[in-house]
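Here are some short exercises to work through with the viewer open. Try each task before you read its solution.

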Amino acid sequence: MNPADPQPVRLIVAISSRALFDLSESHRVFETAGVDAYRAYQVAHENATLEPGVAFPLVRKLMNLNATLGSRGRVEVILLSRNSSDTGLRVLTSAHRHGLDITRAAFTGGASPYRYVAAFGAHLFLSTDPNDVRLALTCGCAAATVLPAASTDRGGADDGQVRIAFDGDAVLFSDDAERLYREEGLAVFNASESASAYEPLPGGPFKGLLVAIQQLQALFPPDDASPLRTALVTARGVPSHERVVRTLRAWDIRIDEALFLGGLSKASFLAAFDADIFFDDQEVHCDQARLHVATGHVPHGVANEVERAG
């Protein structure tokens, strides 16, 4: 590459082995019989290809974008695992057999891998371990706990389009407005948001990820045929929508679809959008959404302070 040429746009996703593959059987061995039995099990099944996990379809579709991006950009997926390199061999072998071109990995031998999220420059960390996710969020990384799904089969034909949906407050934006709503009620919240309509909301833990996605999207025409599509799916309604719209405008962020539901359940709308993954900070919304789409819980903000206290 010529030094004068622009650097390709990158989206880097770090993922745990249990989010990428179905490791339920081997994990049961670990929990019931211990680490030595787990190692023996993995070595004995080393040539058995692992079945896809909840986040596998998302990862495959993201990596398939590379063929379209060419030299303009690249999606990279990094495997972060509590396995040792010995027991993790099966995971990497399975990834390659499934056609996933994963070239970077960290095997931490039982220690939390969260500290390598920032070291790899990842824009997103997906894991099934809530503690690892909280540690990554504390370090300023966008992270979510991938929840068990009703099925990894989306049904119908795969059109190749990647669809990512986000909640607003405490995910894309800070939880300041959510705190006011919980403390003062809906009327005060709406009045405050209307009065602050021209004041951009502070960024939340997933703003950096949205910016990285926007940079990839900018390489494609802004229409519904783009291979990467985003949606904001929020419980906000009129009049609190205006501040959100103006915030995204101030950030120079393109959101393809914005659903202001005014308190309606998000689940059926996420199914209609056909999201490959949805990120929300509230467990009640995540529990409803995961019955329809892959869902990542973001344990951040006031809602999770209340839940942990309870």
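**Exercise 1.** Which residues have the most contacts inside the largest nonpolar core?

*Solution.* Keep in mind that this is a predicted model. Start with the core itself: the largest one holds 67 residues. Within it, the residues with the most contacts are Leu11, Leu20, Leu126, Phe166, Phe206 and Phe279. Next, look for the element that gives the most to this core: helix 4 (residues 56-69) supplies 7 residues. Apart from this core lies another, of 10 residues, including Ala165, Ala231, Leu261 and Phe278. As background, nonpolar side chains in soluble globular proteins tend to be buried together.

**Exercise 2.** Find where the side chains of strand 4 (residues 124-127) point, and list what Leu126 touches.

*Solution.* First sort the strand by direction: Leu124 and Leu126 point one way, while Phe125 and Ser127 point the other way. Then check burial: all of these residues are buried, that is, under 20% relative accessible area. Now take Leu126 and leave out residues up to four places away in sequence: among its contacts are Val13, Ile15, Leu58, Val146 and Phe279.

**Exercise 3.** Trace how strand 4 pairs with strand 1 (residues 9-16) and strand 5 (residues 143-146).

*Solution.* Begin with strand 1, which pairs with strand 4 in the parallel sense over 3 bridges. Here Phe125 is the bridge partner of Ala14. Move on to strand 5: its pairing with strand 4 is parallel, over 3 bridges. In strand 5, Ala143 stands opposite Phe125. Finally, follow the chain from strand 4 through helix 7 (residues 130-138) to strand 5; this β-α-β crossover is right-handed.

Methods. Residues numbered from 1 in each chain as written. Predicted model: local features only at pLDDT ≥ 70, side-chain atom pairs only at ≥ 80, totals over all residues. Heavy atoms only, no water. Core = buried A, V, L, I, M, F, W, Y, C linked by side-chain atoms within 4.5 Å. Buried < 20%, exposed > 50% of the residue type's maximum accessible area, 1.4 Å probe, protein only. Helix = DSSP H or I, 4+ residues; strand = E, 2+ residues; numbered from the N terminus. Contact = heavy atoms within 4.5 Å. Pairing = 2+ DSSP bridges. Right-handed = clockwise from strand over helix to strand, strands pointing away.
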